[in-house]
Structure formats: C-alpha cells, structure tokens
Amino acid sequence: MFDDSLIAPAPRAAPVPGPTAPAARPRPAAPRIRTLPGVYAPQEDSLLLASVLASEPLDGARVLDLCTGSGLLAATAARHGAQVAAVDVSRRAVLTARMTLRRFGCRGEVRRGDLLDAAPDGTWDLVVSNPPYVPAREDDLPRAGARRAWDAGRSGRAILDAICAAAPARLRPGGSLLLVHSEVADVDLTLRRLRDQGLEVEVAARQRIPFGPVMQRRAEALRRAGRLRPGATDEELVVVRGRRAGE
Ligand SMILES: C[S@@+](CC[C@H](N)C(=O)[O-])C[C@H]1O[C@@H](n2cnc3c(N)ncnc32)[C@H](O)[C@@H]1O
C-alpha cells in the first residue's frame, strides 16, 4: 500500500512547472513534501513509481533511489522499513531529500553525484529511479537549473541508458530495478536493454496523463519525429521492472 501520509489532498495552489504537471489542471495529490526552489516536486511519474515501490517487500531491504529529487521514493521505502541510500546530482535536491527523510522520521544516506558512481558500495535488493527522460533539443545535458530534472538529450535516454547499463550488476540475486518513464523515451528499448543485461523484464504499471507544460512545448517536434501519434495530447507513463534471477 502506498504510504499516503506522504501525500495530501490537492490544494488549490498553482501546479509546479515540470514535464508532467499541466499549466491549468489541479494536481491529483499534493505531496506533503517541501522542495527547495528548482527541485522537482513529486508529480504523476513520482507517484506512480511510489505506488509500485510501496507494494514491494521493503522491510529490511537494501534500497537505492537514483535521481532522488525531493526524496519521496527514498522516504517511501524507509517508511516501510528499508535501509535506504539516495543519490542526486543537484545540491539542492540532496538538501531537500535529507530534509524529507528527517521530516518523516526516516534514516537514510543521501549523496551528491552521478548515478551509481555516487552510490554507496555493494549490491541492492531494489534500485528505483524516476530519471530525467524528456527528449531535448540537444544532446548536451543541462549542468544546472530545473531542466536538469527532465532534459535527457535528443533521445530522452541519456540517463535511462546509463542506469540500464550500470544498475543490473549492482542488484542482489532476486533483486529488482524499477524505472519510470514516458512512452516518448521508448519503453521497448528499456525492456530490451535490461533483458540484454540478463534481467527478467515486465511492465509493472502504466498510467496515461495529459501533457504538462514541458511536453506541450516539445510535442510538435516529437510528433514530427514520429515519436508521438498525430494529435496526441497525452502520454503514457510506464514503470518497468528488471529482475535479477535468484540463486
Ligand atoms: C524527474 S526528477 C525525479 C525526482 C524524484 N525521484 C521524483 O520521483 O519525484 C529527476 C532527478 O534526477 C536528478 N539527476 C539528473 N541527472 C542526474 C545524474 N546524472 N545523477 C543523479 N541525479 C541526476 C535531477 O537533479 C532530478 O532531481
């Protein structure tokens, strides 16, 4: 069960700009999580992954949250008894995630840096991530600012591919990687990459949502590139699971 003490009914406040939050639509839930300016406030993708995460066997599990942002996923795992570490490249995200863990009475180590290079040593029962996945105009990744939370190169896969390449080797036998992203970043390719790394793969959850402001701005280019169907005004979010076989 999702730990809904971490979220609250939507207030009437304006939504936080981001790839999935629309400009003029009330948000379905407002996380009881405060974020420093420029840090990604939890949105539909965060909540979809959190709901899958919350139904995993977490008590005593070793869980790594890559691209932690607000720390919602790390706090969800910790509230269910997991031993948690989290990583983000943004200094403000690291401070926010530490604040979130403290605020919800959870323990966890939050480190600043690049994906698994910054993670504590060892292997994990569960690696979770809601990485940047929105196709951008250029391949160079932003080095600062809010766009770092969603811009992921022209393919939208710069961070996804790095996770698919590095995370499987860091899973314990029987451990899983849970990744959320939009259909525009090619779900089949994620499944293939993880299968090629020897994982058993499946789609654990799907949710269709209207475009937020970032997707609205990029939709025309994505339609022209054949990555969205003509006239599309919504996108499907997918949670992919890659599981390492048990011993
Ligand atoms: C879409 S946000 C997700 C935040 C949070 N996990 C959630 O679900 O709401 C992506 C996060 O990835 C972080 N990020 C981007 N590139 C990264 C990298 N190479 N290593 C670690 N974190 C990164 C951003 O700073 C941002 O906080």
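Ala, Val, Leu, Ile, Met, Phe, Trp, Tyr, Cys and Pro are counted here as nonpolar, Asp, Glu, Lys and Arg as charged, and the others, Gly among them, as polar. This is a predicted model, in which local features need pLDDT of at least 70 and side-chain atom pairs count only at pLDDT 80 or more, while totals for chains, interfaces and linings use all residues. Residues are numbered from 1 along each chain as its sequence is written.

**View 1. The shell around the ligand.** By the classes above, this shell divides into 14 nonpolar, six polar and three charged residues. A residue is near the ligand if its C-beta atom, placed from the backbone, lies within 6 Å of it, and of the 23 residues around the ligand, those that come nearest are S46, C67, G69, S90 and N130. Two or more residues of the shell are given by each of the elements α2 (72-79) and β4 (83-88), helices (H or I, at least four residues) and strands (E, at least two) being DSSP runs numbered from the N terminus.

**View 2. Contacts of A74.** Leaving aside neighbours within four places in sequence, A74 is in contact (C-beta atoms, placed from the backbone, within 7 Å) with D65, T68, V84, A86, A97, L101 and G108.

**View 3. Two residues with positive phi.** L115, in the loop between β5 (109-112) and β6 (124-129), has a phi near 40°, although L115 is not a glycine. D186, which is likewise not a glycine, has a positive phi of about 70° and lies in the loop between β7 (171-182) and α5 (187-196).

Terms used:
Contact = placed C-beta atoms within 7 Å.
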